[in-house]
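Work through the following exercises with the sequence and the model at hand. Each task is followed by a solution in steps.

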Amino acid sequence: MGSTASARNGTWRNWGGTVSARPAREASPASVEELAAVVRRAAEDGLPVKAVGSGHSFTSIAATDGVLIRPDLLTGIRDIDREAGTVTVEAGTPLRRLNVALAREGLSLTNMGDIMEQTVSGATSTGTHGTGRDSASIAAQIRGLELVTADGSVLTCSEKENPDVFAAARIGLGALGVVTAVTFAVEPVFLLTAREEPMPFDRVCAEFDQLHAENEHFEFYWFPHTGSTNTKRNNRSAGPERPVPQLKGWIEDEFLSNGVFQVANWVGRAVPASIPAIAQISSKALSARTYTDIPYKVFTSPRRVRFVEMEYAVPREALVETLRELKAMIDRSRLRVSFPVEVRTAPSDDITLSTASGRDSAYIAVHMFKGTPYQRYFTAAERLFTAHEGRPHWGKIHTRDAEYFSRVYPRFAEFTALRDRLDPERRFRNDYLRRILGT
Ligand SMILES: Cc1cc2nc3c(=O)[nH]c(=O)nc-3n(C[C@H](O)[C@H](O)[C@H](O)COP(=O)(O)OP(=O)(O)OC[C@H]3O[C@@H](n4cnc5c(N)ncnc54)[C@H](O)[C@@H]3O)c2cc1C
């Protein structure tokens, strides 16, 4: 089955179960040359091409009815350059494998998202991010890229080499070419102390600027139908290492956050009226804890309960107002929401279509348990987010199109002009790209 979420009877499905596709054919190239040949053959046959990662996007960004390129045989570390502080990996390498291999070498990425099941190219292509005051998305940690473009040739880019391609291709949406290798900045592995602590919603809102300013990585989860949040502060530490004890970790991260939470969601899906009471209990299930560990063990955790998600980046100064509007909207409505709302931040970056491009950003993510109708909730939330010129995560559910993006991304035309140059015949097209890029 490979690393893609699911593939049965020739049908490809994503992790969230929101998208399926029937590609005309599939390929698992084991080298850049083989991959280039796949692209050239697709061109001869007039078929579109789409490389997939691990299928963790909720949008149809990775779907194709043409040639689907699987990442499974393009994995592993190509090179570690300690002097330059970089690692070059094959594009299909899962983030987990990268993080573990780096830790063994005494190295680490600076920042990352909540999970590490994605491939490096899949994660960066949609702008996957964690939370950070000074450090930005995974794509912002890229120092160089190698791509196979629509004519089957290999193109490399960095700040110095083809800088116009580098500016856009770090978050290329799968629209500019097939990424074959990624070079990341790395640093000597360090320790982070995580402080997780419940906090009232009103207090987090009132003190948000200070919490953000005082912590390298601040995030929180607000439980709809309650006035409660769980906050998490990660800061670099001189040690000593104090990991969460194994049994305690299993109880909190597996049993409560996944096992019990799964059951609570089943109950909530069967009896929606019970959700506010369940939310009250869920919001109090986890008590405060402090631990110190290497970065990937602090940033990431298992996510086994399946859900669908929409996430928007709003200007950071608009966060508190937008959140209060979201809370008021849910309180006024008859919506029953069993999943917490996740809030994170990122500093402004210089990537053409990054959700944080040119502006300090805060992310608000709304989720619904898989199998629960989500449209009414997401539509109402999206109305609030777009009123603040929000930019949706490219891999998470949204209804925006090219006309909207040309307004909220000052450099939108730069991306589409580069795409016209690199892929004039739209070899890497699919329906999603047609909607968001206009052609
Ligand atoms: C449980 C869960 C947790 C998540 N947590 C976070 C989080 O903390 N932060 C966050 O920002 N997002 C998060 N996401 C979203 C997820 O990180 C993104 O959707 C990401 O793009 C998925 O990576 P993937 O490897 O599954 O790629 P896919 O979803 O398979 O593909 C994504 C895009 O990458 C392109 N692509 C893949 N490989 C290549 C290649 N070699 N060359 C060119 N294009 C390529 C595809 O064509 C497609 O356009 C989460 C999703 C889930 C399901």
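**Exercise 1.** Locate Arg 426 among the helices, and determine its backbone and burial state.

*Solution.* Step 1: Arg 426 lies in the loop between α12 (412-422) and α13 (431-437); helices (H or I, at least four residues) and strands (E, at least two) are DSSP runs, numbered from the N terminus. The model is a predicted one, in which local features need pLDDT of at least 70 and side-chain atom pairs count only at pLDDT 80 or more, while totals for chains, interfaces and linings use all residues. Residues are numbered from 1 along each chain as its sequence is written, and side-chain values use heavy atoms, with hydrogens and water left out.
Step 2: although Arg 426 is not a glycine, its phi is positive, about 60°.
Step 3: the relative accessible area of Arg 426 is 14%, so the residue is buried (buried means under 20% relative accessible area, exposed over 50%, partly exposed in between; 1.4 Å probe, protein chains only).

**Exercise 2.** Carry out the analysis for Leu 173: in which loop does it lie, and is it buried or exposed?

*Solution.* Step 1: the loop that holds Leu 173 runs between α4 (163-169) and β12 (178-185).
Step 2: Leu 173 is not a glycine, yet it has a positive phi of about 60°.
Step 3: with a relative accessible area of 2%, Leu 173 is buried.

**Exercise 3.** Describe the surroundings of Thr 292.

*Solution.* Step 1: Thr 292 belongs to strand β17 (residues 289-293).
Step 2: its relative accessible area is 7%, and Thr 292 is therefore buried.
Step 3: the side chains of Thr 292 and Thr 193 make a polar contact at 2.8 Å. Such a contact is a pair of N or O atoms within 3.5 Å; within protein, one must be able to donate a hydrogen and the other to accept it, and residues adjacent in sequence count only if both atoms are side-chain atoms.
Step 4: leaving aside neighbours within four places in sequence, the residues in contact with Thr 292 (heavy atoms within 4.5 Å) include Leu 191, Leu 192, Ser 237 and Pro 240.
Step 5: Pro 240 is itself found in the loop between β16 (228-237) and α6 (246-270), and the peptide bond leading to it from Gly 239 is cis, with omega near 0°.

**Exercise 4.** Explain where the largest cavity lies relative to the domains, and characterise its lining.

*Solution.* Step 1: the chain is divided into domain 1 (77-188) and domain 2 (191-392), with bounds from an automatic or database domain assignment. The contact takes 28 residues from domain 1 and 30 residues from domain 2.
Step 2: the structure holds 3 cavities of 30 Å³ or more. On a 1 Å grid over the protein atoms alone, a cavity is a set of points where a 1.4 Å probe fits but cannot get out, and lining residues have an atom within 4 Å of a point.
Step 3: the largest cavity contains about 40 Å³ of space; grid points are joined across faces, edges and corners, and a volume is the space filled by probe spheres set on the points.
Step 4: both domains give residues to the lining of the largest cavity, so the cavity lies between them.
Step 5: α2 supplies the largest share of that lining, 3 residues.
Step 6: by class, the lining has 9 nonpolar, 2 polar and no charged residues (Ala, Val, Leu, Ile, Met, Phe, Trp, Tyr, Cys and Pro count as nonpolar, Asp, Glu, Lys and Arg as charged, and the others, Gly among them, as polar).

Methods. On a 1 Å grid over the protein atoms alone, a cavity is a set of points where a 1.4 Å probe fits but cannot get out, and a pocket is an open set with protein on both sides within 12 Å along at least five of seven lines; lining residues have an atom within 4 Å of a point.
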